[in-house]
Amino acid sequence: MDKTLIRKRFARATGSYLQTASVQRTIAERMVDRISVYVPEADQHKILEVGCGTGMFTRMYLQQHSPEQLFLNDICPEVQTCFSDLPEGKVDFLMGDAEKLCFPSNLDMIVSCSAIQWFEHPVAFLSRCARFLKPEGFLAFSTFGKMNMQEIASVSSVSLNYLSLEELKRELEPHYHLVYSHEEVFRLSFESPMAVLKHLKETGVTGIRSGVWTRGKLDAFCMHYSSRYASEGGMVPLTYHPIYIICQLKK
């Protein structure tokens with residue numbers, strides 16, 4: 001996992017992310033809705049968001065909740081400029097690699113939306129979150145399952161190491177009580193494999209592959225993608241497989 005590459009490519013996508021990331025927007029809406037249902041308002045005073053990005057989830061969350069303290073973390077310090085519209089003093093930024101940072105203690109909730117799949121050791125991170133939560137504090141996150149971008153993986157053999165919902169639940173069990181879990185599948189359609197690559201670039205989801213796309217490599221990718229997945233009308237799919245989990249720290 002090249003985190004320097006990940007940071008650079010997400011930083012480049014800050015201007016296009018909000019307009020392009022339709023699935024991530026739906027996921028953020030689902031997360032806010034589920035938090036509103038399963039996490040009592042009395043347990044939402046001191047909040048940390050990990051992987052805040054350009055603030056898609058952040059703004060949705062703040063439309064429904066008013067935490068006394070909101071800490072925002074991201075590996076890309078450039079995203080701080082995306083929050084100039086928030087009232088001064090509303091948030092504190094804790095920029096850097098969330099797998100290495102020491103966060104404030106006694107948090108009511110740690111939340112992360114579509115971020116931890118980029119971590120080198122996501123299970124270890126989720127376990128480490130227990131250190132920073134207050135007794136019976138909440139951990140709420142979305143990530144992606146094994147079907148995510150399966151078309152890209154099958155054509156290029158490039159993929160993140162996605163965990164299944166059952167694997168995540170099993171890893172969380174020593175520290176947390178499961179409050180809510182759900183998974184779903186979205187399939188977007190694009191006019192061509194090139195349109196798929198453009199979509200991924202504009203959402204920053206190209207940070208797992210270094211090197212240069214030569215014309216030959218690009219042509220081969222598009223040919224294999226179309227031959228495997230194109231419909232009669234020439235449209236090609238891209239699969240997203242979001243997973244949602246809310247859990248509570250055991251006593």
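Is E202 buried, partly exposed or exposed? I looked this up before anything else: E202 has 23% relative accessibility and counts as partly exposed. The classes I used are buried under 20% relative accessible area, exposed over 50%, and partly exposed in between, with a 1.4 Å probe and protein chains only.

**Entry: basis of the work**

I worked on a predicted model, in which local features need pLDDT of at least 70 and side-chain atom pairs count only at pLDDT 80 or more, while totals for chains, interfaces and linings use all residues. Residues are numbered from 1 along each chain as its sequence is written, and side-chain values use heavy atoms, with hydrogens and water left out.

**Entry: helix α8**

I took helices (H or I, at least four residues) and strands (E, at least two) as DSSP runs, numbered from the N terminus. Helix α8 covers residues 193-202, and its buried residues include P193, V196, L197, H199 and L200. Viewed down the axis of α8, the buried residues fall within an arc of 155°, so they line one face of the helix. The arc is that of the directions from the helix axis to the C-beta atoms.

**Entry: salt bridges**

I counted a salt bridge where a side-chain nitrogen of Lys or Arg lies within 4 Å of a carboxyl oxygen of Asp or Glu. The structure holds 10 salt bridges.

One of them joins the side chains of K198 and E202, at 2.6 Å from N to O. Both residues lie in helix α8, four residues apart, which is about one turn of the helix.

I then examined R215 and D219, whose salt bridge has its closest N and O atoms 3.4 Å apart. R215 and D219 both belong to helix α9 (residues 215-229) and are four residues apart, about one turn of the helix. R215 is exposed at 58% relative accessible area, whereas D219 is partly exposed at 40%.

Which parts of the chain does the salt bridge of D108 and K134 link? Their side chains meet at 2.6 Å, N to O. The pair links distant parts of the chain: D108 is in strand β4 (residues 107-113) and K134 is in strand β5 (residues 133-144), 26 residues apart. D108 is buried, with a relative accessible area of 7%, and K134 is buried at 17%. I also noted that salt bridges sharing partners join D43, D108 and K134 into one network.

**Entry: aromatic pairs**

I paired rings of Phe, Tyr and Trp (its six-membered ring) if their centres lie within 6.5 Å; planes under 30 degrees apart count as stacked, over 60 as edge-to-face and the rest as tilted. The structure holds eight aromatic pairs. For F57 and Y61 I found ring centres 5.9 Å apart and planes at 20°, so the pair is stacked. F57 and Y61 are four residues apart in helix α4 (residues 56-64), separated by about one helical turn. Both F57 and Y61 are buried. Elsewhere, ring pairs link F221, Y225 and Y229 into a cluster.

**Entry: cavities**

I searched a 1 Å grid over the protein atoms alone, where a cavity is a set of points at which a 1.4 Å probe fits but cannot get out, and lining residues have an atom within 4 Å of a point. Grid points are joined across faces, edges and corners, and a volume is the space filled by probe spheres set on the points. Two cavities of 30 Å³ or more were found.

The second largest cavity holds about 70 Å³ of space. Its lining consists of I116, Q117, P122, T143, F144, N161, Y162, L163 and L168. By class, that lining has six nonpolar, three polar and no charged residues. Here Ala, Val, Leu, Ile, Met, Phe, Trp, Tyr, Cys and Pro count as nonpolar, Asp, Glu, Lys and Arg as charged, and the others, Gly among them, as polar.

Of the lining residues, I followed up Y162, which lies in the loop between α6 (150-156) and α7 (165-172). Y162 is buried at 9% relative accessible area. The C-alpha atoms of Y162 and P122 are 9.7 Å apart, with the two positions 40 residues apart along the chain.

**Entry: positive phi**

I noted S114, which is not a glycine yet has a positive phi of about 60°. S114 sits in the loop between β4 and α5 (122-128) and is buried at 14%. E136, also not a glycine, has a positive phi of about 65°. E136 is placed in strand β5 and is partly exposed at 34% relative accessibility.

Terms used: On a 1 Å grid over the protein atoms alone, a cavity is a set of points where a 1.4 Å probe fits but cannot get out, and a pocket is an open set with protein on both sides within 12 Å along at least five of seven lines; lining residues have an atom within 4 Å of a point.
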